[in-house]
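Let's walk through this one from the side chains outwards. Have the model open alongside the text.

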Amino acid sequence: MKKLVVMAAILLVQACAFTDATLKVEHDEAVNITGPISEAGGITFTAPKLADARLDKARIGWKKNGFGMNTADITSEQPVEVIVENAIIDAIKDNGHFVAEEGQINITGTVDRFWFDTDMNFWTVEFLGDVQCTLEFIDAKTNMSIYSSSYSGSYKEKTGAGYVKTWTEVMGKAIDKLIEDIVYDEDLKEALAAFK
C-alpha cells in the first residue's frame, strides 16, 4: 500500500511538472530570531537596499520530471531582493534596533543566491532551499563602510511528496537560517557596538 501511495504521488508530481509555479515566499514575522547583535541595541538603520546579483534572475528554481529534467519555472511573487530586504528589516527590529527613513547606518548589498531544488529518490523527495547575500553596513554621516560580510541560509526537508506549500515552507525556513546567520555574526556585533 505504501508503494502505491508513493507511486501515485510521484505520478501526480510528474503530471504537474510542466506547469510554472509562483511561490509566495516571505519571512514569517512571527518567527523572532535574536542573536548577539541585540547586545548593541538601539541603533537606527535605513531600510536595506539590495540588488539582485544572481546569474539566473528569471526563476528561483526548476520543476523537474521523474528523469530529473527541467520542465517548468518556479518563480516568486515578489522580487527576491524585496523578500530578503523585508526579512532583514524584521531581524533588525527583533534585535532591539530601529528602521527609519534617515538612519544612522545604511545597509546595501546583493542577493547572490535564492534557489529551490529537489533531489528525487526512489521512495522520497528531498527539498532544498538556499539563500545567500552580501551586506555592507555604512555610516550614514561619513559614507564610510563599518563592516561587510557574506551570509547564507539553507534548509532541507525529506518527505514522500510535496507541493507548492512544502516548497514555500522550505524557502521560508532557508530565509530564517539566513537571518540567523546575520544576527549571530559576532564580528557584526562588535562593529555595531564600536559604532554606537
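A residue counts as buried here when its relative accessible area is under 20%, as exposed when that value is over 50%, and as partly exposed in between. Lys-189 comes in at 14% relative accessible area, so Lys-189 falls under the 20% cut-off and is buried. Keep in mind that this is a predicted model.

## The overall picture

The chain has four helices and nine strands. Going along the sequence, you get the pattern α-β-β-β-β-β-α-β-β-β-β-α-α. Of the 196 residues in the chain, 44% are buried.

What about sequence separation? Take the contacts between residues at least 6 apart in sequence: 75% of these join residues at least 24 apart.

## Lys-189 and its acidic partners

Lys-189 is a good place to start on the charged side chains, and the structure holds seven salt bridges. One of them pairs Lys-189 with Glu-186, where the closest N and O atoms are 3.3 Å apart. Both residues sit in helix α4, which covers residues 186–195, and they are three residues apart, about one turn of the helix. Lys-189 also bridges to Glu-190, with 3.4 Å between the closest N and O atoms.

Which residues belong to the network of salt bridges around Lys-189? Glu-39, Glu-186, Lys-189 and Glu-190 are linked in it. Lys-189 itself is buried, whereas Glu-186 is partly exposed at 43% relative accessible area. Glu-190 is partly exposed too, at 46%.

## A bridge between two strands

Another salt bridge joins Asp-130 and Arg-113, and here the closest N and O atoms are 2.7 Å apart. Asp-130 belongs to strand β8 and Arg-113 to strand β7, so this pair ties together parts of the chain that are 17 residues apart in sequence.

Are the two partners buried or exposed? Asp-130 has a relative accessible area of 18%, so it is buried. Arg-113, at 34% relative accessibility, counts as partly exposed.

## Aromatic pairs

There are three aromatic pairs in the structure. In one of them, the ring centres of Phe-116 and Trp-167 are 5.7 Å apart and the planes meet at 40°, so the pair counts as tilted. Phe-116 is part of strand β7 (residues 105–120), while Trp-167 is part of helix α3 (residues 164–183), so the pair ties a strand to a helix across 51 residues of sequence. Both Phe-116 and Trp-167 are buried. Add Phe-127 to these two and you have one aromatic cluster, made of Phe-116, Phe-127 and Trp-167.

Phe-137 and Tyr-147 form another tilted pair, with 6.4 Å from centre to centre and 40° between the planes. Phe-137 lies in strand β8 (residues 125–139) and Tyr-147 in strand β9 (residues 145–159), with their positions 10 residues apart in sequence. Phe-137 and Tyr-147 are both buried.

## How α2 and α3 pack

Two packed helices are described by the angle between their axes and the distance between the axes. For α2 (residues 80–94) and α3, the angle is about 50° and the axes are 10 Å apart. Angles of 35 to 65 degrees fall outside both the roughly parallel and the roughly perpendicular ranges, so α2 and α3 are oblique to each other. Their crossing is right-handed.

Which residues make the contact? From α2 they are Ile-83, Val-84, Ala-87, Ile-88 and Ala-91. On the α3 side, the contact uses Ile-175, Leu-178, Ile-179, Ile-182 and Val-183. Helix α3 therefore shows up twice in this report: in the packing with α2, and as the home of Trp-167 in the pair with Phe-116.

## A positive phi in a loop

Most residues other than glycine have a negative phi. Asn-143 has a positive value instead, with phi near 65°. Where is Asn-143 found? Asn-143 is in the loop between β8 and β9. At 58% relative accessibility, Asn-143 counts as exposed.

Methods:
Residues numbered from 1 in each chain as written. Predicted model: local features only at pLDDT ≥ 70, side-chain atom pairs only at ≥ 80, totals over all residues. Heavy atoms only, no water. Phe/Tyr/Trp six-rings, centres within 6.5 Å; stacked < 30°, edge-to-face > 60°. Buried < 20%, exposed > 50% of the residue type's maximum accessible area, 1.4 Å probe, protein only. Salt bridge = Lys/Arg side-chain N within 4 Å of Asp/Glu carboxyl O. Axes fitted to C-alpha atoms, helices over the stretch in contact; angles between N-to-C directions. Parallel < 35°, antiparallel > 145°, perpendicular 65-115°, else oblique. Left-handed = near helix turned anticlockwise from the far one by under 90°. Contact = heavy atoms within 4.5 Å.
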